[in-house]
Structure formats: C-alpha cells, structure tokens
Amino acid sequence: MSILKKLATGFVAAGMTISAMSGFALADGHGWKPNKPIDFIIMAGKGGGADKMARLMQAIVEKEGLAERPLVPTNKSGGSGAEALIAAKSANDPDHTIMVTLNSFYTTPLRQPGLDVDVMTFAPVARMAEDTFLLWVHKDSGITSFEQWLEVAKSEGKNWVMGGTGSNSEDNIITDFLNDNFGLSMKYIPYKGGGAVAKDVAGKQINSSVNNPSEALGFYESGDMIALVAFTDERLPMFPDVPTLREKGVDFSYFMQRSVVGAPGMSAEAEAYYSGLFEKVYNSADWQDYKSKKSLMGDLMSGDELMAYWKVQRANHETILRASGAIQ
Amino acid sequence: MRRAEIVTAFILGIFSIYLMWKSGDPPAWNPSIPRFANIGFDETGTPGSGFWPFWLGFIMLICTIWIGINWVLKRSPQSVSEEPFLDDFGKKMFLTVGGGLIGFLVMIHLAGFYGAIFLFMVYYLKFLGRHTWFLTLTISTSLPIVSFFFFDVAMRIVLPKGYLEPLFIPLYDIFL
Amino acid sequence: MEVLGHLFEGILIALEPVNLGLAIIGVIIGLFVGAMPGLGSVNGVAILLPFTFVIQGFTGGATSPMIFLASIYYGAMYGGAISSITLGIPGASTAVATTFDGRPLAMKGQAHVALMAAALASFIGATISNILFTGFAPLLASVALNFGNPEIFALMLLAFATFAGLGGDDFPKTIFSICFGLALSAVGFDIISGEPRLIFFDIQGFSHGIRFLVLAIGIYGIGEMLWTINTSRYGSSMSNVEVNFASIVYALKQFKGAWKGTLIGSFIGFFVGILPAAGATPGSLMAYGVTKMTSRDPSKYGKGVVDGVAAPEAANNSASTGAMLPMMTLGIPGSPTTAVLLAGMVIWGLQPGPLLFTNQPDFVWPLIGSFYISNFVAVAVNIMFIPIFLWMLRMPFTILAPTIFVLSLVGTYAAYLDMFDVWLMVLVGFGGFFMRILDYPVAPAVLAIVLGPIAEPTLRQTLLQYETFTIFFTRPIAGPITICAVILIFLPAIQLILRKMRSKA
C-alpha cells in the first residue's frame with residue numbers, strides 16, 4: 001500500500017514540478033546537495049586494492065546514511081585508468097561525478113598524452129589514505145635481511161624475478177629504482193593484480209615482490225612470506241621489525257595515494273559537500289579500523305593542500321618516468 | 001548468396017589487414033619507434049604487444065583468401081547457392097527491425113532508456129506485430145516501469161535519462 | 001572426523017532462521033539477476049555488497065553477510081542457464097556452453113527437459129564440489145599455489161583443444177572465427193608493455209577492450225534473433241510446451257540419460273574452478289568438450305542432447321564452489337564474482353589467506369554449511385519457477401522478440417554502464433546476423449574472447465620469465481597438460497590422414 005501511495009505522490013509531484021525543476025537542488029537553502037544518484041567511478045578493476053577501498057567507502061556511506069543519494073560505483077579500469085579519466089572529464093554532470101584514484105592518476109596522462117587530460121582540473125575532494133609498499137620474499141628462500149637479499153639478487157642477475165602489478169606502475173617504479181640504485185638487473189614481470197603477484201611469491205613461481213601489505217597479509221600471517229624492507233619514512237606499526245629503506249641510508253620512499261576527486265568543472269559548493277562527506281567517512285570507526293589493519297598511512301587532506309600534494313607528486317612521477325625511459 | 005559470400009570475404013580480408021596495420025602502432029608517447037617494431041620477439045624471446053593480434057590477423061587474412069579460393073572453385077555451399085542473400089522479406093525485415101534498433105539507440109540519448117523503451121515497444125508491437133492498441137500500450141508502459149523499479153530502485157543501476165531527467169528527480173526523492 | 005564435526009556445527013548455524021532466511025532471499029535474487037541477459041552473479045553480488053554491512057550491523061560477525069552473498073552467487077549460477085535455454089542468450093560467460101544444446105532443445109519444444117536437466121545437474125555438480133571442498137580444502141590450496149603462468153597457459157590450450165571440434169564444416173570459416181575472437185580479446189590495453197593497443201579508429205571506447213558480453217549478447221540476442229525472425233517470417237511462438245504435472249515428470253525422467261555429462265562436468269568444473277584465474281567458464285567449456293568427445297555419438301551434440309546441457313551446468317556450479325577455495329585460502333579471486341566477495345570479506349574485517357581455516361573457524365564452517373543449504377534451496381526454488389519461464393516462452397513471438405531486444409540493450413548497459421558498449425553490441429549483432437546467413441560459426445569467436453585475455457598474458461609472462469618455449473613441456477604440471485592439448489588439437493588432422501590413407505588402400 002505504502003509503495004503505491006509513494007508512487008502516486010511521485011507521479012503527481014513529477015507532474016507539478018517539471019517547470020520548476022532547474023532550481024530544485026537548492027530548494028531547501030542548506031547549501032548544495034546531490035539530487036540524483038552519484039556516479040562513483042573506480043579507476044581500477046574489480047577486486048584490486050582501490051576497488052576494495054571504494055566499496056568500503058560506499059558501504060560506510062550507506063551504513064551510516066551519510067549521503068542524500070546513493071553512490072553508484074562503476075569500475076573503469078581500461079587503459080590503465082585512461083578510460084576513467086576520460087569518463088570523468090566528459091561527464092555531463094560534473095556535480096554528480098566523483099572518482100577514486102591511485103597513482104595512475106599522475107602517470108597515465110603522462111604516458112598517454114593523446115588523452116589531453118590535465119589532472120589539476122579535477123576537484124580535490126579528499127585524500128583518504130596512502131598505501132605503503134614492502135619488499136617481500138618467500139621464507140624458504142632463506143633470506144632474512146635486506147642486505148642478504150641485495151647480495152642474492154645481485155649474484156642471480158637477471159634470473160632474479162620480481163613480480164608486480166602492471167607496467168610502468170608503482171611496483172615497476174620501485175623495481176626500477178632498486179635496479180638502478182643497487183646495480184641489480186632483476187627481471188620485472190607485470191601481472192594483472194597484486195593478489196596474483198603475492199600468490200606467485202607464496203607459490204615460489206617468482207622470487208620477490210613489492211606488494212602492498214593488504215595484498216600480502218594472508219601469506220605474511222601464515223608465515224609463507226616475509227617482509228625485508230619498507231618503502232616508507234618511518235617503520236610501520238604492523239611491521240615493527242622491518243626496517244625502512246631510509247634506515248639503510250637510501251633517500252627513497254614511495255606511497256600510493258588513495259584519493260577521491262571530483263570531475264573537472266565541479267562547482268565549489270559540490271566540492272565542499274563531497275569534502276564534508278568524505279571527512280565523515282574518514283572519521284568513521286570502520287575506516288580508521290581498516291586503515292590500521294591494512295597498514296595504511298596518510299592523513300585526510302583536501303582542497304588547496306591536496307592540490308599542492310598532487311603538484312609535487314606529479315612532478316616526482318614525471319622525473320621517475322623520464323629517468324626510466326617510459327616517457328620522453 | 002554467391003555474391004554476398006565473396007563480398008563478405010573481401011570485407012573481412014580488409015578488416016584483417018587493418019587489424020595487422022593497427023597491431024603495429026607505435027606507442028603514443030614515442031612516435032619515433034617505427035611501426036611493426038612490436039610484432040616479433042624481443043631480446044628475451046618474449047612476443048611484443050603487437051605479436052598476438054598481428055599474427056592472428058595474418059591467419060584471418062589467409063582464411064579469407066582460402067574462402068575466396070573456395071568461392072572461385074565453387075567448393076562451399078554458399079558459393080553455389082542460387083538463393084538470394086536476403087529475399088524481399090529479409091530486406092524489409094532488416095530495415096524495419098534493424099532500423100528500429102538504431103532508432104532505439106538514438107532515442108536512448110534523447111529520451112533516456114525508459115522513454116526509448118516505450119517508443120520502441122509501441123513501434124514494434126503496433127506497427128510490426130500489429131497488436132491491438134490496448135495490448136501495445138499496456139506492455140509498452142509496464143515494461144519501462146518494471147525496469148525502473150528493477151534497475152534504478154532495486155539494483156541501483158542508474159540508467160541514462162536523456163532529456164527526461166528532470167522528471168525523475170522527484171522519483172529519486174521518493175525511492176532512493 | 002574432525003571435519004565432519006565442524007561441518008555439522010556449520011550446517012546447524014546455517015540453518016538458524018536468520019541465515020536460512022537470508023539464503024532463501026539471496027537465492028531468489030540471484031536466480032532473477034542471473035536469468036537477465038547481461039546481468040550475472042557479479043552484478044548481484046557487487047550491488048548488494050553495501051547492504052551486507054547493514055546485515056552485519058544486525059547480526060554481528062561476517063557469517064550472515066557472507067551466507068547472503070554466497071547464496072546470490074549460487075542463485076545466479078542456476079539462473080544463468082535459464083536465459084541460455086529459453087532466450088538463447090548466455091547471460092554470463094559461464095553459461096555459453098549451456099546454449100549449445102539448451103537452445104536447440106528449447107526450439108524442439110523440449111525447454112522443460114533442458115531446464116530440468118540444468119537444475120538437477122547444477123545441484124549434483126554443486127553437491128559433489130561441496131563435498132570435495134569440505135574434505136580437501138587445505139590440500140587443494142597447495143595445488144593451486146603450484147599453478148603458475150605456464151600451467152595456466154597450458155590449461156587454456158587444453159580448453160581450446162576440447163572445443164576445437166565445435167565449429168562448422170567450413171574449415172577456413174571456423175579458423176577465422178577463432179582467430180577473430182582471440183584478436184578482439186587483445187583490444188584495449190596490454191598489461192605487459194603498459195601500452196594501449198588496437199584502439200580502432202582512435203575511438204576511446206575501445207580502450208577498455210571488447211567485452212565478452214558485448215559480443216555474446218550482440219551475436220545471440222540481436223543476431224540470432226534477427227535470423228530467427230527472418231527464417232520464421234515473424235513466426236508464431238518459440239515453444240509450445242504444456243505446463244502441467246505430466247510434463248515435469250517427463251522432464252525428470254529424461255534426466256536419467258544425463259548422468260555421465262553431469263559427473264564429468266562436476267569433477268572437471270571443480271578442478272578447473274580451484275585454479276586461480278581460470279574460473280567457471282573454461283571449466284564449463286572443457287566439460288562440454290570432454291562429454292562430447294567421450295560420447296558414443298558426438299554428432300548429436302549441438303542439436304539438442306540432454307547431456308550437452310547437464311555437463312556445462314554441472315561444471316559451472318561446481319566451479320563456482322571451487323573458485324571460493326583460492327579466494328578464501330590464497331586471497332586471490334578466480335573470477336570477477338569472487339573478486340567482489342573478496343572485497344566483501346575484507347570489508348567485514350576478515351583476512352583471507354592460508355590461515356583463514358585455523359583463525360576463523362566461526363566464519364569458515366558456517367559458510368561451508370551454507371553452501372549445502374543454499375544448494376538445496378536453489379534447486380527447489382529453481383524447479384518451482386520453471387513453469388513461469390515456460391509460460392514466458394509461450395508468448396507470441398512478436399511480443400517476445402522486442403522484449404528480448406529491450407533486455408539485450410538494457411542488460412548490456414547495466415553490465416558496464418557504458419553507451420559505447422550498447423552501440424557496439426547492436427552493430428556486432430548486425431554483423432552476426434549476416435555471418436549467420438553465410439554459415440560462419442560464431443560460437444568459437446565468443447569462446448575465444450573469454451579465453452584470449454587469460455591465454456595471451458600468461459603466455460607472454462611465461463616467456464618473459466623463462467625465455468624458452470620448452471618450459472611448457474618440462475614443468476611437472478604444465479608438461480602433461482600441454483602434451484594432452486597438443487594431441488587433442490592435432491587429433492582431427494591425424495584422423496583425417498588415417499581415413500584418407502585407409503580409403504586409398
């Protein structure tokens with residue numbers, strides 16, 4: 001009965017408000033609010049770290065009833081994120097289009113100049129976390145320290161195989177750095193997802209990886225995989241015995257951003273709304289719990305501060321890609 | 001059908017050549033790499049990014065030539081068939097139904113999925129199926145309504161609304 | 001015996017009213033989502049994932065939400081067969097093989113036999129798989145770990161080999177179709193070089209690749225439908241099965257002939273399903289191929305044999321339970337659906353991995369218990385709904401056909417939320433219609449586009465790592481699989497030569 005009644009009211013309301021529709025969104029005077037479902041683009045395929053996180057955010061929004069309209073997640077992993085960038089750029093309603101990004105947010109526009117995407121035109125909604133990287137090997141390799149790893153990897157030369165997600169990706173960048181800085185010649189095998197990489201280290205198909213903690217945690221807990229070094233500034237609380245590369249005297253750290261951005265052309269009011277929304281998500285118990293369990297770092301960041309962060313990061317990536325010959 | 005067989009083989013042959021050409025594309029960021037540099041094996045013996053599609057395209061091309069030879073020698077049933085590829089009914093059917101589908105697609109961009117479903121169903125049921133107006137309108141209106149509740153409301157899959165979007169905003173208010 | 005005790009406790013928990021209720025609701029949702037062309041288990045599970053957070057809020061723990069999602073998964077696997085048989089459109093890649101014989105059976109007025117066989121075979125497949133899962137999960141997890149890239153490529157080769165005989169009589173057209181599907185699977189993005197490739201006419205829509213469903217729905221939903229309208233001259237209806245008790249009993253009796261396919265499907269499906277990255281589709285194809293090869297009269301296949309429906313259906317249900325294994329014990333998804341389930345487990349605060357069985361028995365055993373329960377629920381619900389699906393088939397074709405067109409377009413959009421795919425799907429459908437008239441076999445292309453994206457990267461990853469082709473023959477697991485595949489591929493040629501030699505002699 002109530003559904004029928006709702007339906008009837010709906011149609012009556014529809015009929016009456018057609019003419020007055022344009023101002024509908026601002027009708028109640030409490031600033032901007034979404035008036036239709038929000039396109040929530042995920043710049044990665046189903047099941048990856050970014051996807052898990054995006055679905056967690058969506059679930060938190062749903063559970064706590066934070067948004068007026070549902071977030072509708074869409075995975076657009078094509079072209080290493082190119083598909084997602086294009087979709088956001090050409091969104092016909094930028095106020096209702098937001099996107100979860102990772103570091104391909106910087107690298108893909110650099111690698112595919114034909115896309116004509118300038119990431120600085122995206123609205124800085126919120127940086128939700130920074131994912132960390134560690135160097136992993138199988139426990140049966142007998143390697144227990146980073147120095148020992150360097151020795152073995154050096155003597156094995158190109159027979160030492162490193163697996164990672166994708167080409168010219170985060171994992172590849174770290175591998176290239178290790179090769180250049182320590183005079184190694186490890187072979188890098190690109191995989192489709194981090195889970196498959198971790199599984200192949202645990203199955204001894206490849207020698208080592210630079211997985212995110214969330215991808216390798218299962219095998220770490222079972223004792224199959226051990227972490228040798230962390231690519232962070234300080235030791236991770238979850239891995240207190242794992243030294244950082246900085247402690248080894250090398251000035252290098254690398255993170256994966258987990259940010260939510262708004263489509264280019266988003267209005268300032270909408271941007272403020274989404275920043276507020278994701279601040280609530282960030283402060284929720286579920287998000288904080290996830291962050292500590294998966295060893296994520298990085299505090300909430302938005303607005304100009306996030307813009308500045310992107311600028312630095314993009315410049316860094318440009319330097320790295322140029323050095324490795326992945327762009328000219 | 002004899003003519004259609006060779007025309008199709010020819011078009012597919014052209015497509016195979018295009019596929020091979022396209023497989024050899026140099027990467028966008030570095031046009032100085034020559035075309036077809038990626039269709040062989042690299043120094044480690046690994047096939048390049050164009051290897052798989054290029055050689056598959058090559059086999060496809062061989063197949064279309066083979067189909068052509070069969071056609072010349074009249075060895076395949078289609079190459080000796082006297083039947084027309086599409087008879088008058090077929091041509092008319094393809095124009096009306098296929099054209100209807102193209103119209104459907106265009107209407108999705110203008111009137112959204114729900115408007116387009118309504119128009120397509122009216123068109124098909126009334127003008128192709130020759131059903132009564134009562135039946136036509138019953139099905140044509142109920143299908144979009146059921147779809148709205150299934151997709152937009154229950155599954156949270158928001159279908160495009162085109163220029164009819166303002167009509168749906170009050171509905172979002174109620175159901176989402 | 002310890003296992004049996006755990007299992008018994010698990011089943012008791014799964015039978016608690018809340019969990020049983022969730023299982024029933026989940027199965028029904030899954031059945032309908034799966035029966036929609038375009039939507040499969042992955043959509044159902046992904047869409048209801050946030051809702052499980054709400055369930056968790058009520059019940060606490062991850063057990064009830066997981067039972068809910070797992071039963072959607074189950075329901076959808078059953079439902080996939082329904083659109084394959086009644087509409088001839090495989091709603092998901094796992095159900096392609098079901099159309100080969102399911103559709104001809106429906107056309108012959110035996111839709112009820114096909115639907116019944118699909119339901120029962122699914123049930124048996126899932127049950128066998130559940131038993132194997134319960135008994136040997138940790139052991140099988142270590143088998144899955146030994147499957148690296150060379151092994152997966154070898155397996156893809158074997159899958160190809162088993163359906164090599166699937167094409168038509170026209171040899172160049174069959175080869176063309178296979179290569180066409182494989183080549184299209186390379187469109188989009190190359191993960192090894194990190195470059196976009198084959199972006200036809202520089203249209204950005206191709207950057208995400210040509211999706212399986214675009215090809216499958218285009219060919220089966222649009223192409224085949226146009227062809228049917230053309231040959232039947234707007235025909236009257238697709239099937240005239242009387243829906244009554246006698247026809248159901250008749251359908252049940254027909255299933256007797258399908259025990260072999262069911263068994264083959266159940267075991268092949270399970271073992272392919274537990275392998276990472278393979279998933280249910282290769283399993284169901286191989287099951288169909290093997291059943292056909294080992295049958296006394298392979299020529300009947302494709303024209304409507306009950307075994308030809310039972311084998312892939314038993315396999316895809318069996319494989320979907322199997323695919324839970326690498327997801328839970330290795331933390332890697334074997335299919336898009338398990339990828340979403342994996343995300344779910346992480347959201348509920350579980351850590352998939354080798355220790356899941358030891359650390360989280362309160363989660364694992366009720367879940368396994370719920371596999372058994374959901375399976376019973378699914379087969380019962382499915383059989384109850386068969387008359388409704390049969391009734392749908394009795395609609396005049398001039399109503400059914402436009403409805404199928406609408407479902408094809410909406411389904412394609414719903415699957416990927418991309419209008420480009422919908423346009424491409426319709427154009428593929430037109431192409432498929434012309435190909436159909438000229439007798440190009442289309443099934444090999446549809447299957448190739450499923451296997452291609454697994455086969456090509458694993459081949460290249462292997463060669464990149466080992467730098468030699470012989471690795472496919474020398475690794476202990478990959479070797480035998482590759483040799484089998486090679487023999488099977490050349491079998492038709494060898495037979496042909498032998499026959500010619502004999503006829504000359």
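A crossing of two helices is left-handed if the near helix is turned anticlockwise from the far one by less than a right angle, and in this predicted model the crossing of H1(B) and H2(B) is left-handed. The briefing below begins with that helix pair and the chain that holds it, then turns to the packing of chain B against chain C, the contact of chain C with chain A, and finally the two sheets of chain A.

**Chain B and its first helix pair**

- Chain B has six helices and zero strands, and read along the sequence its pattern is α-α-α-α-α-α.
- The radius of gyration of chain B is 25 Å, well over the 16 Å that the globule rule gives for 176 residues, so the chain is more spread out than a compact globule.
- Measured out along its principal axes, the C-alpha trace of chain B spans about 60 × 50 × 25 Å.
- Helix H1 (residues 2-23) of chain B packs with H2(B) at an angle of about 160°, and their axes are 8 Å apart; the two helices are therefore roughly antiparallel to each other, since angles over 145 degrees count as such.
- From H1(B), the residues that make this contact include B:Glu5, B:Ile6, B:Ala9, B:Leu12 and B:Gly13, while those from H2(B) include B:Pro53, B:Phe54, B:Gly57, B:Phe58 and B:Trp71.
- By class, the residues of the contact of H1(B) with H2(B) divide into 14 nonpolar, six polar and one charged.

**Helices of chain B against helices of chain C**

- Helix H2 (residues 51-72) of chain B also packs with helix H8 (residues 171-184) of chain C, at an angle of about 155° and with the axes 9 Å apart, and H2(B) and H8(C) are therefore roughly antiparallel to each other.
- The crossing of H2(B) and H8(C) is left-handed, and the residues in contact include B:Leu56, B:Ile59, B:Cys63 and B:Trp66 of H2(B) together with C:Lys173, C:Ile175, C:Phe176 and C:Cys179 of H8(C).
- The contact of H2(B) with H8(C) has 14 nonpolar, two polar and one charged residues.
- B:Pro53, B:Gly57, B:Met60, B:Thr64 and B:Ile67 of H2(B) are among the residues that take part in the contact with H8(C), and these residues are also listed in the contact of H2(B) with H1(B).
- Helix H4 (residues 88-128) of chain B and helix H18 (residues 397-416) of chain C have axes that come within 9 Å and cross at roughly 170°, and H4(B) and H18(C) are therefore roughly antiparallel to each other.
- In that pair, residues of H4(B) including B:Leu101, B:Phe104, B:Phe113 and B:Tyr124 meet residues of H18(C) including C:Thr398, C:Ile399, C:Pro402 and C:Phe405, and the contact has 15 nonpolar, one polar and no charged residues.

**Chain C against chain A**

- In the contact between these chains, 43 residues of chain C touch 40 residues of chain A.
- On the side of chain C that touches chain A, the elements giving two or more residues are helix H3 (41-59), strand E1 (188-190), helix H15 (336-347) and helix H20 (443-466) of chain C.
- H15(C) gives the most to this side, with seven residues, and the residues of the side as a whole divide into 27 nonpolar, 16 polar and no charged.

**Chain A and its two sheets**

- Chain A contains eleven helices and ten strands, and the C-alpha trace spans about 80 × 45 × 30 Å along its principal axes.
- With 328 residues, a compact globule would have a radius of gyration near 20 Å, and the 22 Å of chain A agrees with this.
- One open sheet of five strands in chain A has the order E2-E1-E3-E10-E4 with mixed pairing; its edge strands are E2 (71-75) and E4 (123-131), each of which pairs on one side only, and the twist averages 20° from one strand to the next.
- Within this sheet, strand E1 (residues 38-42) of chain A and E2(A) pair in the parallel sense over five bridges, and A:Phe40 has A:Pro73 in E2(A) as its bridge partner.
- Helix H2 (residues 49-64) of chain A lies across E1, E2, E3, E4 and E10 of chain A, and runs at about 170° to E2(A).
- Another open sheet of five strands in chain A has the order E7-E6-E8-E5-E9, again with mixed pairing, and its edge strands are E7 (187-191) and E9 (225-230).
- Strand E5 (residues 134-138) of chain A and E9(A) pair in the antiparallel sense over five bridges, with A:Val229 in E9(A) as the bridge partner of A:Leu135.
- Helix H7 (residues 194-202) of chain A lies across E5, E6, E7, E8 and E9 of chain A, and runs at about 155° to E6(A).

How values were computed. Residues are numbered from 1 along each chain as its sequence is written. Chains are lettered from A and ligands numbered from 1 in the order in which they are written. This is a predicted model: local features need pLDDT of at least 70, side-chain atom pairs count only at pLDDT 80 or more; totals for chains, interfaces and linings use all residues. Axes are lines fitted to C-alpha atoms, for helices over the stretch in contact, and angles run from 0 to 180 degrees between N-to-C directions. Helices (H or I, at least four residues) and strands (E, at least two) are DSSP runs, numbered from the N terminus. Angles under 35 degrees count as roughly parallel, over 145 as roughly antiparallel, 65 to 115 as roughly perpendicular and the rest as oblique. Two residues are in contact if their C-beta atoms, placed from the backbone, lie within 7 Å. Ala, Val, Leu, Ile, Met, Phe, Trp, Tyr, Cys and Pro count as nonpolar, Asp, Glu, Lys and Arg as charged, and the others, Gly among them, as polar. Two strands pair if DSSP finds at least two bridges between them. The radius of gyration is taken over C-alpha atoms; the globule rule is 2.2 Å times the number of residues to the power 0.38.
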